[in-house]
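This briefing walks through one protein chain for a reader who works at the bench. Please keep the sequence and the structure in view while reading the points that follow.

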Amino acid sequence: MVARHASPLQALLVDERFDGDIYPNEPMARHTSYRIGGPARFYVRVNSVSALTQLVDVCEQEGSPWVVLGRGSNVLVSDEGFSGVVISLGRDFRSMRVDQERGCIVAGAGVMLSAVVQEAFKRSLAGLEFAVGTPGTVGGALRMNAGSRGEWIGSRVVSVTSFVPGEGLVLRRGADVSWGYRESSFAPNETLLECELAVEPADPFYIRGKMEANLSLRKKSQPVNEASCGSVFKNPEGASVGALIEELGLKGIQMGGARVSDVHANFIVNTGQASARDVLCLIDHVQAKVKEAYGIQLTPEVRFLGFE
Ligand SMILES: Cc1cc2nc3c(=O)[nH]c(=O)nc-3n(C[C@H](O)[C@H](O)[C@H](O)COP(=O)(O)OP(=O)(O)OC[C@H]3O[C@@H](n4cnc5c(N)ncnc54)[C@H](O)[C@@H]3O)c2cc1C
């Protein structure tokens, strides 16, 4: 029985027909690659489109903040946590298939990008080698237009299905989306559900060669075994932000448990006990030093949650 004073959100989450798993006061450190972040009021894994739409609609009606998270590999969550609902895409968003006729892989937004890359390789399908070693889900990759310097996922997107509150399910052609440097033109309240990624048949040795070259570059140039969010800042036009920070001698500087990586200066790593505040202080410090030395205002690539 639902208490009379329960809000519509609380009522939905205790309804046994709700197709999802609910974790109240869930520490976000468990769900971010930084291993940092205080509790979300509710962390909810929705297992179907109807559970997602019900939950988002109730949050919207109630004015409760909500956000969809993939693997949290590009997010810094505050030490205080997030006072709203963090939504993770479960069961029905975690499958993929190859559509041979259309020459594409159809992947749910909750599928790991690495699984899609491996599936393409197994089927001798080329086009996604640039993404090897990029952590996170397909949904996160679409939102962030994940990629390398020369290639990004947006250029492979044939279509995306999403959910927009008030509009319902929306099907977009990839060509109708603007894909920028680590950004896309999806609406802020749009949840990406599934996409079709174009791939083409190729020699498996060619695909393997490209994947191995990308992986070995990544292992050489990034602190892959330390907790981080990947690149903290976007590269300014025509410059490498890692090189700018390194030139200022900032590699290895530390605030609390957060440290500018010795391997790549555009990575800030959690040495073990870093707080979000430590990371933020270091971000501010690096930004100030770069501004002072070069007059360049660095833009963070990492997304912030719970700092409002
Ligand atoms: C070691 C390391 C290396 C990395 N290397 C790269 C790299 O080479 N290239 C690169 O581009 N990035 C890189 N990253 C950053 C990160 O992996 C990518 O941005 C990744 O695509 C984020 O996916 P995610 O599922 O973790 O998204 P999250 O971090 O969970 O979310 C990122 C953003 O996307 C939104 N989002 C997530 N899922 C959805 C959805 N279904 N619908 C709508 N919005 C959604 C979130 O709200 C958030 O704003 C790296 C990170 C690490 C830790």
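**Briefing on the chain**

Leaving out residues up to four places away in sequence, V116 touches M96, I105, A107, V111, L128, V138 and L197. These contacts, like everything below, are read from a predicted model. V116 is also named, together with L55, as having the most contacts inside the largest nonpolar core, which holds 80 residues. The points below place that core in the overall fold, and then turn to the sheets and to one buried acidic residue, E194.

**Overall fold**

- The chain contains seven helices and 18 strands, and its C-alpha trace spans about 60 × 50 × 30 Å along the principal axes.
- For 308 residues, a compact globule would be expected to have a radius of gyration near 19 Å, and the 20 Å found for the chain agrees with that expectation.
- Of the 308 residues, 40% count as buried.
- Among contacts with a separation of 6 or more, 65% are made by residues that stand 24 or more positions apart.

**Domains**

- The chain is divided into domain 1 (8-91), domain 2 (94-220) and domain 3 (224-305).
- The C-alpha centres of domain 1 and domain 2 lie 24 Å apart, and 15 residues of domain 1 are in contact with 13 residues of domain 2.
- On the side of domain 1 that touches domain 2, helix α2 (residues 49-62) gives the most, with six residues.

**Nonpolar core**

- The largest nonpolar core counts 80 residues, and L55 and V116 are the members with the most contacts inside it.
- Helix α7 (residues 276-294) gives the most to this core, with six residues.
- As general background, nonpolar side chains in soluble globular proteins tend to be buried together.

**The five-stranded sheet**

- Five strands form an open sheet in the order β6-β7-β13-β9-β10, and their pairing is antiparallel.
- β6 (96-99) and β10 (168-173) stand at the edges of this sheet with a single partner strand each, so one side of each is left without a neighbour in the sheet.
- From one strand to the next, the twist averages 15°.
- β6 pairs with strand β7 (residues 104-108) in the antiparallel sense over four bridges, and within this pair D99 stands opposite C104 in β7.
- Helix α3 (residues 113-122) packs on the sheet, where it touches β6, β7 and β13 (191-198), and its direction makes about 155° with that of β7.
- Strand β9 (residues 157-164) runs antiparallel to β13 and is joined to it by six bridges; the bridge partner of S159 in β13 is E196.
- β9 is likewise joined to β10 by six bridges in an antiparallel arrangement, with R172 in β10 as the bridge partner of V160.
- The hairpin of β9 and β10 has three residues between the strands, and in this hairpin G166 takes a positive phi near 90°.

**The three-stranded sheet**

- A further open sheet has three strands in the order β15-β16-β17, and here too the pairing is antiparallel.
- Its edge strands are β15 (254-255) and β17 (268-270), each of which pairs on one side only.
- Two bridges join β15 to strand β16 (residues 258-260), and these strands run antiparallel; the bridge partner of M255 in β16 is A258.
- α7 lies across β15, β16 and β17 and runs at about 30° to β16, and this helix is the one that gives the most to the largest nonpolar core.

**E194 in strand β13**

- Is E194 buried or exposed? This residue, which is found in strand β13, counts as buried because 25 C-beta neighbours lie inside 10 Å, where the cut-off for a buried residue is 20 or more.
- When its neighbours within four places in sequence are left aside, E194 is in contact with V106, A107, G108, A109 and T161.
- A107 therefore appears in two contact lists, that of E194 and that of V116.
- E194 and P135 are 59 residues apart along the chain, and their C-alpha atoms are separated by 18 Å.

Definitions and conventions. Residues numbered from 1 in each chain as written. Predicted model: local features only at pLDDT ≥ 70, side-chain atom pairs only at ≥ 80, totals over all residues. Rg over C-alpha atoms; globule rule 2.2 N^0.38 Å. Buried ≥ 20, exposed ≤ 12 C-beta atoms within 10 Å, placed from the backbone. Contact = placed C-beta atoms within 7 Å. Pairing = 2+ DSSP bridges. Axes fitted to C-alpha atoms, helices over the stretch in contact; angles between N-to-C directions. Core = buried A, V, L, I, M, F, W, Y, C linked by C-beta atoms within 7 Å. Domains from an automatic or database assignment.
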